[in-house]
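Student: I should like to examine this structure by question and answer. Could we settle the terms first?

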Amino acid sequence: MQQIVNFILKYKYFLFFLLLEIIAISFTIQNHSYHNSTFSNSANFVSGGIHKRVNRFKEYGDLRKHNNQLLKENAELKNILAQELKNPENTRIQVIDTTKYFQKYSYYTAKVIENQYQKKFNYLTIDKGSKHGISAEMGVANSKGIIGITTNISNGYSTVLSILNENSKINVKLSKSPHFGTLEWNGGNYNILQLTDLPIQANINVGDTLITGGRSVIFPEGIPVGTVTNFKVENNDYSSINIKLFNDMSAIGPVYIISNFDKKEIEQLQESTTNE
């Protein structure tokens with residue numbers, strides 16, 4: 001203990017200078033968007049490399065589960081293909097007006113190397129970045145449902161705003177009706193989310209399925225979300241609706257990242273309309 005005190009006394013001016021440098025850098029990062037963005041990307045690069053190495057050891061324990069998930073996805077795709085071959089009149093190959101069925105979304109595969117789910121503002125880290133074509137505000141999902149939206153991007157890694165984040169708001173709808181609502185999280189159970197803004201005209205029942213609504217430029221319509229577990233009605237309005245996710249948010253492995261080809265065009269149109 002005495003040696004530590006002697007060290008501090010001996011180098012007190014240098015340590016004081018170092019403290020002031022750290023405070024100055026901290027203020028610079030917080031108050032300047034360029035420095036903030038650069039720092040976030042650098043942090044993504046460093047932490048992403050660390051998480052990737054740690055994840056290599058963890059993923060062996062989940063290998064069987066992830067393989068089963070991929071096998072299930074392959075089986076579903078094979079069934080769809082078999083159905084189209086069985087009923088050729090329904091297959092997309094026979095579509096003549098190709099301009100009507102142009103591809104609107106592209107999909108990138110990625111792997112989650114860091115997954116937070118026990119905080120109020122959770123994030124994930126994936127092993128894909130700008131060099132792989134990833135940018136901010138892309139949807140992230142897997143075969144069971146939505147995961148989140150990309151935020152900070154470095155060259156080789158990206159952070160994802162999890163749906164288990166109190167700032168997350170996702171447009172969703174009931175699969176059996178055209179009524180829309182907003183998927184949020186109250187910071188409680190990591191497998192139970194809340195549906196808000198649903199009009200009382202939407203007659204819901206326990207067990208009803210929720211899917212993405214398609215009213216944003218991030219997620220296409222129809223991605224599974226979860227089912228209604230319980231709800232309350234007060235003053236002729238839904239006071240609470242709880243949704244059980246299809247995903248187990250504590251065990252996320254392979255994911256795909258969704259890119260909307262029309263995102264910039266739609267956003268520019270909306271912005272110009274708002275500014276009129």
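Tutor: Two strands are said to pair if DSSP finds at least two bridges between them. Helices (H or I, at least four residues) and strands (E, at least two) are DSSP runs, numbered from the N terminus. This is a predicted model, in which local features need pLDDT of at least 70, side-chain atom pairs count only at pLDDT 80 or more, and totals for chains, interfaces and linings use all residues. Residues are numbered from 1 along each chain as its sequence is written, and side-chain values use heavy atoms, without hydrogens and water.

Student: What is the average pLDDT of the protein chain?

Tutor: pLDDT is the predictor's confidence in each residue, from 0 to 100. A score of at least 70 is reached by 71% of the residues, and the chain average is 80.

Student: Over which residues is the pLDDT below 50?

Tutor: The stretch in question has 6 contacts in the model beyond near neighbours in sequence, a contact being heavy atoms within 4.5 Å. Where pLDDT is low, the predicted coordinates should not be read in detail. The pLDDT is below 50 over residues 90–102.

Student: In what order do the strands of the barrel that contains S1 close?

Tutor: This barrel has 6 strands in antiparallel pairing. From one strand to the next the twist averages 45 degrees, with axes fitted as lines to C-alpha atoms and angles running from 0 to 180 degrees between N-to-C directions. S2 (residues 121–126) and S5 (residues 158–165) are joined by 5 bridges, and Thr 125 has Thr 159 in S5 as its bridge partner. The order is S1-S2-S5-S4-S3-S12.

Student: In what order do the strands run in the barrel that contains S8?

Tutor: This closed barrel also has 6 strands with antiparallel pairing. Its neighbouring strands are turned against each other by 40 degrees on average, direction ignored. S6 and S7 pair over 4 bridges, S7 and S8 over 3 bridges, and S8 and S11 (residues 237–245) over 3 bridges. The strands run S6-S7-S8-S11-S10-S9.

Student: Which residue of S8 stands opposite Glu 184?

Tutor: S8 is mostly covered, since 4 of its 5 residues are buried, that is, under 20% relative accessible area, as against over 50% for exposed and in between for partly exposed (1.4 Å probe, protein chains only). On the side of S11, Ile 192 has Lys 244 as its bridge partner. Opposite Glu 184 stands Gln 194.

Student: Why is Asn 191 classed as buried?

Tutor: Asn 191 lies in the loop between S7 and S8 (192–196). Apart from neighbours within four places in sequence, its contacts include Lys 244, Leu 245 and Met 249. Asn 191 counts as buried because its relative accessible area is 10%.

Student: How far apart in space are Ser 175 and Thr 209?

Tutor: Ser 175 is in the loop between S6 (170–174) and S7 (180–184), and it is partly exposed at 44% relative accessibility. Leaving aside neighbours within four places in sequence, Ser 175 contacts Thr 209 and Ile 211. Ser 175 and Thr 209 are 34 residues apart in sequence, yet their C-alpha separation is 5.7 Å.

Student: What span should helix H5 have?

Tutor: The expected span of a helix is 1.5 Å times one less than its number of residues. H5 (residues 263–274) has 12 residues, and its end C-alpha atoms are 16 Å apart, which agrees with the expected 16 Å.
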